[in-house]
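Let's take a friendly walk through a protein chain together. Have a look at the sequence and the structure below, and keep them in view as you read.

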Amino acid sequence: MSSRFILVVFGGTFLLAACTDPANLDPNRNYTRDSAIVGGVIGAATGLVVGEGEARDAAIGAAIGAGAGAIVGNRMDRQAEALRQSISNPNIAITQEGDLLRVTMPQDILFAVDSAAVSPAVQGDLAALARNLNQYPDTTAQIVGHTDNTGDASYNQDLSVRRAQAVSNMIVAGGVAPYRITASGRGEDAPVASNLTEEGRAQNRRVDILIRPQA
């Protein structure tokens, strides 16, 4: 294996880690550019693995990889911007994490206490999300319910599943093909803040909608 191949793979791995490290994530970052760079590096590595004409093959591989990365990145950039324009509730957070769009809906705007019935106040935003998914049919959505640690853990797990399924049903009712949607619950197992304070518990009570390019 050539030393150039090793260096290129190492460089690609470093760039990919930098793009996906949570410490480096920026919700307003241009991931079209970043995807093109990483795609180009990986494409170059693909070209270098060929024995003859390494320089030529590396250039071809870099061009193919950069093009593919730019296409995916540009599509996710546009989808994120369209989603931000269509969601009216300021409590709903939309962040970009590489080629992942994370839509976080606090439980307290979605459901009444101990309920899995979606509040009428956010049904319009879920309808807007469904329209966005229909506008970008090459993506999938994973709906994940979360709770704080108040009460019985098994009850919280069941409630998180029912709430994720309720959100999923609303999105499917908006015309999104069911095969593009999955729903699951994590209960109290994936907190994003301390459960020792009411503010932290409120952050943990949420539904995350994770939008990704289809594999």
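## A buried arginine

Arginine 205 counts as buried, because its relative accessibility is 12% and the cut-off for buried is under 20%. Keep in mind that this is a predicted model. You can find arginine 205 in the loop between helix H7 (198-204) and strand S5 (206-213).

Which residues does arginine 205 pair with? One partner is aspartate 108, with the closest N and O atoms of this salt bridge 3.2 Å apart. This pair links distant parts of the chain, since aspartate 108 sits in helix H4, 97 residues apart from arginine 205. Another partner is aspartate 148, whose salt bridge with arginine 205 has an N to O distance of 2.8 Å. Here too the pair joins distant parts of the chain: aspartate 148 lies in the loop between S3 and H6, and 57 residues separate it from arginine 205.

## A network of charges

Side chains of opposite charge can pair when their charged atoms come close. In this chain, salt bridges link Asp108, Asp148, Glu198, Arg201 and Arg205 in a network. Are the acidic members buried or exposed, or something in between? Aspartate 148 is buried, because its relative accessible area is 7%. Aspartate 108 has a relative accessible area of 44%, so it counts as partly exposed. Glutamate 198 is also partly exposed, with a relative accessible area of 44%.

Glutamate 198 belongs to helix H7. Try finding glutamate 198 and aspartate 148 in the sequence: they are 50 residues apart there, while their C-alpha atoms are 9.7 Å apart in space.

How many salt bridges does a search of the whole structure find? The total is 8. Among them is a pair between glutamate 97 and arginine 102, whose closest N and O atoms are 2.8 Å apart. Arginine 102 counts as partly exposed, because its relative accessibility is 23%.

## Strands side by side

Now turn to the strands. Strand S1 (residues 93-97) pairs with S2 in the antiparallel sense, over 5 bridges. To see the match, look for isoleucine 94, which stands opposite valine 103 in S2. S1 and S2 make a hairpin with 2 residues between them, and glycine 98 in the turn has a positive phi of about 65 degrees.

Strand S2 (residues 100-106) is mostly covered, with 5 of its 7 residues buried. S2 also runs antiparallel to S5, and 6 bridges join these two strands. In this pairing, proline 106 stands opposite arginine 206 in S5.

Which way do S3 and S4 run, parallel or antiparallel? Strand S3 (residues 139-146) and strand S4 (residues 181-185) are parallel, and 5 bridges join them. Between S3 and S4, the chain crosses through helix H6 (residues 153-173), making a right-handed β-α-β crossover. Isoleucine 143 stands opposite alanine 183 in S4.

## Helix H5 and the loop before it

Helix H5 (residues 120-135) lets you try a small check. At 1.5 Å a residue, its 16 residues should span 22 Å, and its end C-alpha atoms are 23 Å apart, which agrees. Which residues of H5 are buried? They are Val122, Asp125, Leu126, Ala128, Leu129, Ala130, Asn132 and Leu133.

The loop between helix H4 (107-110) and H5 holds aspartate 114. Aspartate 114 has a phi near 60 degrees, a positive value in a residue other than glycine.

## The whole chain

Let's step back for the overall picture. The chain has 7 helices and 5 strands. Reading from the N terminus on, its elements run α-α-α-β-β-α-α-β-α-β-α-β.

How much of the chain is buried? Buried residues make up 42% of its 215 residues. The accessible surface comes to about 10,800 Å², and carbon and sulfur atoms account for 59% of that surface. Finally, consider the contacts in the chain with a separation of 6 or more: 70% of them are between residues 24 or more positions apart. The link between arginine 205 and aspartate 108, 97 residues apart, is a good place to start looking for such distant partners in the structure.

Conventions. Residues numbered from 1 in each chain as written. Predicted model: local features only at pLDDT ≥ 70, side-chain atom pairs only at ≥ 80, totals over all residues. Heavy atoms only, no water. Helix = DSSP H or I, 4+ residues; strand = E, 2+ residues; numbered from the N terminus. Expected span 1.5 Å × (residues − 1). Buried < 20%, exposed > 50% of the residue type's maximum accessible area, 1.4 Å probe, protein only. Pairing = 2+ DSSP bridges. Right-handed = clockwise from strand over helix to strand, strands pointing away. Contact = heavy atoms within 4.5 Å. Areas by Shrake-Rupley, 256 points an atom, 1.4 Å probe, with all protein chains shown as cover. Salt bridge = Lys/Arg side-chain N within 4 Å of Asp/Glu carboxyl O.
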